[in-house]
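Visitor: I should like a close look at a single part of this model. Please take the pairing of two helices and describe it in one connected account.

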Amino acid sequence: MTASARWTRLQALVREELRQLTIVQASDRAWQMPFAAALASGLPLLVGAYFDHLGYGLVSSLGGWCFSTCPARRCITAWSR
C-alpha cells in the first residue's frame, strides 16, 4: 500500500467517524435522564477535587455511571424476568 493510498484511507476513516459523531439520534429516554446522570457522575468528582481526594470522587462517580447505563424502564422489572 502506497503512502498516498494510506493517506486517502485515513482521510476517509476520519470523515466517516466525524459524520457518525455529528448524527443526532432519537432516544426513548426523557431529557432528565442524561441530565441527572451528568450530575450524578460529575458532582462527586467536583466534591472530591474540592477536598483534595479525587480518588474518592472517582469511586463515587461510578454510581452515576451505573445510573446512566440502566435501561429506560425500571431495573427491578428487568431483573425479575
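Guide: The account below moves from the chain as a whole to the helix pair, and then to single residues.

This is a predicted model, in which local features need pLDDT of at least 70 and side-chain atom pairs count only at pLDDT 80 or more, while totals for chains, interfaces and linings use all residues. Residues are numbered from 1 along each chain as its sequence is written, and side-chain values use heavy atoms, with hydrogens and water left out.

The protein chain holds four helices and zero strands, and its pattern along the sequence reads α-α-α-α. Helices (H or I, at least four residues) and strands (E, at least two) are DSSP runs, numbered from the N terminus. Of the 81 residues in the protein chain, 9% are buried. Here buried means under 20% relative accessible area, exposed over 50%, and partly exposed in between, with a 1.4 Å probe and protein chains only. The accessible surface of the protein chain is about 7,100 Å², and 66% of that surface belongs to carbon and sulfur atoms. Such areas come from the Shrake-Rupley method with a 1.4 Å probe; for residues, only the protein chains shown count as cover.

The part in question is the pair formed by H2 (residues 32–50) and H3 (residues 54–68), which pack at an angle of about 170 degrees with their axes 7 Å apart. H2 is therefore roughly antiparallel to H3. The axes are lines fitted to C-alpha atoms, for helices over the stretch in contact, and angles run from 0 to 180 degrees between N-to-C directions. Angles under 35 degrees count as roughly parallel, over 145 as roughly antiparallel, 65 to 115 as roughly perpendicular and the rest as oblique.

The lengths of both helices can be checked against an expected span, which is 1.5 Å times one less than the number of residues. For the 19 residues of H2 the expected span is 27 Å, and the end C-alpha atoms are 26 Å apart, which agrees. For the 15 residues of H3 the expected span is 21 Å, and the end C-alpha atoms are 21 Å apart, which likewise agrees.

In the contact between the helices (heavy atoms within 4.5 Å), H2 contributes Met33, Ala36, Ala37, Ala40, Ser41, Pro44, Leu45, Gly48 and Ala49, and H3 contributes Leu54, Gly57, Leu58, Ser60, Ser61, Gly64, Trp65, Phe67 and Ser68. The residues of this contact comprise 11 nonpolar, seven polar and no charged. In this division Ala, Val, Leu, Ile, Met, Phe, Trp, Tyr, Cys and Pro count as nonpolar, Asp, Glu, Lys and Arg as charged, and the others, Gly among them, as polar.

Burial follows the pairing on either side. Met33, Ala37 and Gly48 are buried in H2, and the buried residues of H2 pack against H3. On the other side, Gly57, Ser61 and Gly64 are the buried residues of H3, and these pack against H2.

Ser61, in helix H3, is buried, with a relative accessible area of 10%. Apart from neighbours within four places in sequence, Ser61 touches Ala40, Ser41, Pro44 and Leu45. Leu58 also lies in helix H3, but at 47% relative accessibility Leu58 counts as partly exposed. The C-alpha atoms of Leu58 and Ser41 are separated by 8.5 Å, although the two residues are 17 apart along the chain. Across in helix H2 is Ala38, partly exposed at 47% relative accessibility. The C-alpha atoms of Ala38 and Trp65 are separated by 8.5 Å, with their positions 27 residues apart along the chain counted as the separation.

The loop between H2 and H3 holds Asp52. Asp52 has a phi near 60 degrees, a positive value in a residue other than glycine, and is exposed at 67% relative accessibility.
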